[in-house]
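The exercises below are meant for a reader who is meeting this structure for the first time. Each begins with a task, and a solution follows step by step.

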Amino acid sequence: MNTAVTLPTQQAPQTEESLRQINRQIIVILDFGSQYSELIARRIRETQVYSEVLSYRTTAEALLQLNPKGIILSGGPKSVYDNGAPHCDPEIWNLGIPILGVCYGMQLMVQQMGGEVAKADRGEYGKASLYIDDPTDLFTNVEDGTTMWMSHGDSVINMPPGFEVLAHTENTPCAAVAEHNKKLYGVQFHPEVVHSIGGLALIRNFVYHICECEPTWTTAAFVEDSIREIRAKVGDKRVLLALSGGVDSSTLAFLLHKAIGDQLTCVFIDQGFMRKLEPERLIKLFREQFHIPVEYVKARERFLSALAGVTDPEEKRRIIGHEFIRAFEETSKTLGPFDYLAQGTLYPDVIESADTNVDPQTGERVAVKIKSHHNVGGLPKDLRFKLVEPLRKLFKDEVRKVGRAIGLPEEIVQRHPFPGPGLAIRILGEVTAERLNILRDADLIVRQEVNQRGLYHDYWQAFAVLLPIRSVGVMGDRRTYAYPIVLRIVQSEDGMTADWARVPYDVLEVISNRIVNEVKGVNRVVYDITSKPPGTIEWE
């Protein structure tokens, strides 16, 4: 298979290196509970500089060991003057490392450096025009009057010694501040969100001009470094890969195959929650076109039985994750032995599953767990495999770039995200064979119509959801009492935020007509017009 990536000829040392050690340039984001901390990390990576999100409790000493080129303090839901408000190690201000505080991060910086923060007379939420008082450093090439996204009820009312105002809005006199000698900067707005027109330019200024980083976080570098790391970690041991056919596991399969060749065994567990005809297509594609052997394990009855009577979505994910691992363990005994289990876990999976920033004294979460992902929160505690997760620190768009770099076909690279638990979490309530068949047929119609109209690549995801309720309808002058199908079609850049897609009415009409006419057991189709946040893309 041809690829643009050339591997180094020198043998990698037989020790494990982390991505942060390999790249040697890192911007650290200290997370104070913001749902956008990961978005900051992604924006930094868009500048081709590696970034990573760590707890706000990370000590100055630990940060020095990482040797970051810069530190960003995230926003958060608290007020700095609240009892129990999260504070960072005050020694970080003396490290000599450039620091950018965002929203809560700026307020914390001001307070700890001797300034004053108080509840504002008027909160500021949404778009605001930013007027620049100092067009150098942080605001180089940022247009005066540009739009920035505000979301704060507190404001800086007294500046710390040595600080000066860089920008203001009509409602916020101190919208951006700095202590240039110490390279401490703060912004009251959120430059990481797409609504902030000049946000990326500001981030680039911080990364390149203030932190003096170089763009070394590239796809080719990641592939080369990952292959070194995989070889160093695995050695001569065998690896079992949970293959689903999506872009994540497929990219992982190609990457592992490049790194360790025949030491990799791919196993597809048909748990019964895939979309219509996909198991057969997957096996044929990998065996005949990619020439990567795949073991096909039929386990539909096992998974369906395990979910009998289960309605709670977190319990579904836990059970599915547990059964996945048990099925792999049993398979490995006939194919094995295997020391490692490879998973296509991504950074958003880790973040959304993690109970991050739990206060050790109160037990209160600063950042709230959104949902468990079966490959993170659903793993059993007695897992006998060691995990190999080279994509664990990547966002979806970064995985697609890696897939292209190593020769993955475009039909897989551009495939819409599909959850590991599959249709089981697109059926609200209990999962039954009848409901699975209904949803498979409805989902196929959605994908067919979107594809046939050339709209597939316009959307992040387009799928159907089955609700466990019935409503009255009329078909052929007869009363029906059947399920509704929810259409969920969204647009997004990275899956962390999303907006509902403005699908042409005629397309929605055809999809609706086909579903109620062709799918037995459905008499109503509705369209979900909720963004993320406040909703999530998936319903469970």
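A residue is called buried when its relative accessible area is under 20% and exposed when that area is over 50%, with partly exposed in between. The model is a predicted one, and its chain contains 15 helices and 19 strands, with buried residues making up 56% of the 540 residues.

**Exercise 1. Work out how strand β15 (residues 461-466) is placed in the structure, and which strand it joins.**

Step 1. In a regular strand, side chains alternate between the two faces of the sheet.

Step 2. In β15, Gln461, Phe463 and Val465 point one way, while Ala462, Ala464 and Leu466 point the other way, and all of them are buried.

Step 3. Because six of the six residues of β15 are buried, the strand is largely enclosed by the rest of the structure.

Step 4. Strand β17 (residues 478-491) runs antiparallel to β15 and is joined to it by six bridges, and within β17 the bridge partner of glutamine 461 is valine 490.

**Exercise 2. Check whether the length of helix α5 (residues 199-210) agrees with what its number of residues leads one to expect.**

Step 1. The expected span is 1.5 Å times one less than the number of residues, so the 12 residues of α5 should span 16 Å.

Step 2. The end C-alpha atoms of α5 are 15 Å apart, which agrees with that expectation.

Step 3. To complete the picture of α5, note that its buried residues include Leu202, Phe206 and Ile210, and that the helix is followed by glutamate 212, whose phi is positive, near 60°.

**Exercise 3. Find where the residues that UniProt annotates as "active site" lie, and decide whether they are scattered or gathered.**

Step 1. The unreviewed UniProt entry gives this annotation to Cys103, His190 and Glu192.

Step 2. These residues span 90 residues in sequence, yet no two of their C-alpha atoms are more than 11.3 Å apart, so they gather at one spot.

Step 3. Cysteine 103 is in the loop between β4 (99-102) and α4 (104-112), whereas histidine 190 is in the loop between β9 (184-187) and α5.

Step 4. With a relative accessible area of 5%, cysteine 103 is buried, and histidine 190, at 7% relative accessibility, counts as buried.

Step 5. Leaving aside residues up to four places away in sequence, histidine 190 touches Val102, Cys103, Trp149, Ser151 and Ser196.

**Exercise 4. Describe the surroundings of glycine 245 and serine 249, two of the residues that UniProt lists under "binding site".**

Step 1. The feature comes from an unreviewed UniProt entry, and its positions include Ser244, Gly245 and Ser249.

Step 2. Glycine 245 sits in the loop between β10 (239-242) and α7, whereas serine 249 lies in helix α7.

Step 3. Glycine 245 counts as buried because its relative accessibility is 3%, and serine 249 counts as buried because its value is 4%.

Step 4. Apart from residues up to four places away in sequence, glycine 245 touches Ser250, Leu282, Ile412 and Arg415.

Step 5. The side chain of serine 249 reaches the backbone nitrogen of serine 244 at 3.0 Å.

**Exercise 5. Identify which residues of the largest nonpolar core touch the most other members.**

Step 1. This core has 122 residues, of which Ile92, Ile485 and Ile515 touch the most other members.

Step 2. Helix α7 (residues 247-260) supplies the largest share of this core, eight residues.

Step 3. A second, separate core of 37 residues includes Ile40, Val142, Phe189 and Leu202.

Technical notes
Residues numbered from 1 in each chain as written. Predicted model: local features only at pLDDT ≥ 70, side-chain atom pairs only at ≥ 80, totals over all residues. Heavy atoms only, no water. Buried < 20%, exposed > 50% of the residue type's maximum accessible area, 1.4 Å probe, protein only. Helix = DSSP H or I, 4+ residues; strand = E, 2+ residues; numbered from the N terminus. Pairing = 2+ DSSP bridges. Core = buried A, V, L, I, M, F, W, Y, C linked by side-chain atoms within 4.5 Å. UniProt positions renumbered as here; feature names shortened; annotations may be inferred. Contact = heavy atoms within 4.5 Å. Polar contact = N/O pair within 3.5 Å; in protein donor to acceptor, adjacent residues only side chain to side chain.
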